[in-house]
Amino acid sequence: MDWFFQLLVAVFIAFLIAFRAHRKKSLSNSGAIAGFFVMALHFFVGYRFGAVLLAFFFSSSALTKIGEDKKRTLDPEFKEGGQRNWIQVLANSGIASVLVVAIWVLTEGQDKCLNSKDSPLITALIGAVIGHYSCCNGDTWSSELGILSEDKPRLITTFKHVKKGTNGGVTKTGILAAAAAGSVIGLSFVLLGFSTTRCESSTVLKQLLVLPIATLAGLFGSLIDSLLGATLQFSGICSVRRKVVGKPGPTVKRISGANVLDNNAVNFVSILLTSFFTAIACWYIF
């Protein structure tokens, strides 16, 4: 009956958070419904996975609301409170949801430590989840704090100065924020892991290596996102609105990027790549 109790806890926590996020306009109607199922799934599989999801959601939502007046003048698609719909929720949690289900099946619902000698596949899958949310958090922190920075962004492919809001534009503040965001994911995983997971004495301290791995994953994910944004996502300046926009048009002068991927697609690809490389790193290190 332990699984039933954990299911009740997962549903209760997910409902409270989704309801609160909807009231605070962090999630739309569809986003709250999708968020409920995603959060319930994560907490049911393991409290560590719920913790990293919440670390991403709460920290990114808080930063999204900082400097809203300035962001409103720069972002043509600005939404009050950074409200996310179901597409954005799944773009930022879909891969992780598949991963945690695979982990639950392989572990039969038991929390496992990162230990490739015991189970290389499970270790790689857990690493992929850590990389997933480190990337999500890194990209969000980098974007939300970078756009408020006094530094003028440089396009990651040419290092030329570009207008704020240009896809692929990076700042020192944004790069440092991405690394810090990854470390928050790593810290939340490690802290809750020590209280919910029993590791062999030879692997306990090694779990702390999640911190630098998550930090690098946050940085890597943000840079990959910027590289994709600069090359495969369109950015242009609209002469009417006088803002950087993400779609070509008769009044839009191109700044950079081809009109191949939208923002959700860029996020998905960068998450996929970061998850893969973090999985390989954890498999090798642990």
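These are my notes on a nonpolar surface patch, some aromatic pairs and a buried aspartate in a predicted model.

**Surface patch**
I looked for nonpolar surface first. I found a patch of about 890 Å². Leu209, Phe220, Leu273, Phe276, Phe277, Ile280, Trp283, Tyr284 and Ile285 make it. Which helix gives the most to this patch? I noted helix 9 (residues 263-285), with seven residues. Phe220 lies in helix 8 (residues 210-232).

**Aromatic pairs**
I then turned to the rings. The count comes to eight aromatic pairs. I looked up phenylalanine 15 and phenylalanine 19: their ring centres are 6.0 Å apart and their planes lie at 15 degrees, so this pair is stacked. Both residues sit in helix 1 (residues 2-23), four residues apart, about one turn of the helix. Phenylalanine 19 is partly exposed, at 46% relative accessible area.

Next I checked phenylalanine 220 against phenylalanine 277. Their ring centres are 5.7 Å apart with planes at 75 degrees, so I logged the pair as edge-to-face. This pair links distant parts of the chain, helix 8 to helix 9, with the two positions 57 residues apart in numbering. Phenylalanine 220 is partly exposed at 32% relative accessible area. Phenylalanine 277 is also partly exposed, at 43%. Ring pairs join Phe220, Phe276 and Phe277 into a cluster, and these three residues are also among those of the patch.

**Aspartate 225**
I stayed in helix 8 for aspartate 225. Is this residue buried or exposed? I found it buried, yet without a salt bridge. The nearest side chain of opposite charge is arginine 84, 12 Å away. Leaving aside neighbours within four places in sequence, I listed the contacts of aspartate 225 as Asp139, Val266, Asn267 and Ser270.

Methods
Residues are numbered from 1 along each chain as its sequence is written. This is a predicted model: local features need pLDDT of at least 70, side-chain atom pairs count only at pLDDT 80 or more; totals for chains, interfaces and linings use all residues. Side-chain values use heavy atoms; hydrogens and water are left out. Patches are made of residues with over 30% relative accessible area and no salt bridge: like charges are joined within 9 Å, nonpolar side chains (Val, Leu, Ile, Met, Phe, Trp, Tyr) within 5 Å. Accessible areas come from the Shrake-Rupley method with a 1.4 Å probe; for residues, only the protein chains shown count as cover. A salt bridge is a side-chain nitrogen of Lys or Arg within 4 Å of a carboxyl oxygen of Asp or Glu. Buried means under 20% relative accessible area, exposed over 50%, partly exposed in between (1.4 Å probe, protein chains only). Lys and Arg count as positive and Asp and Glu as negative; His and the chain ends are not counted. Contact means heavy atoms within 4.5 Å. Rings of Phe, Tyr and Trp (its six-membered ring) pair if their centres lie within 6.5 Å; planes under 30 degrees apart count as stacked, over 60 as edge-to-face and the rest as tilted.
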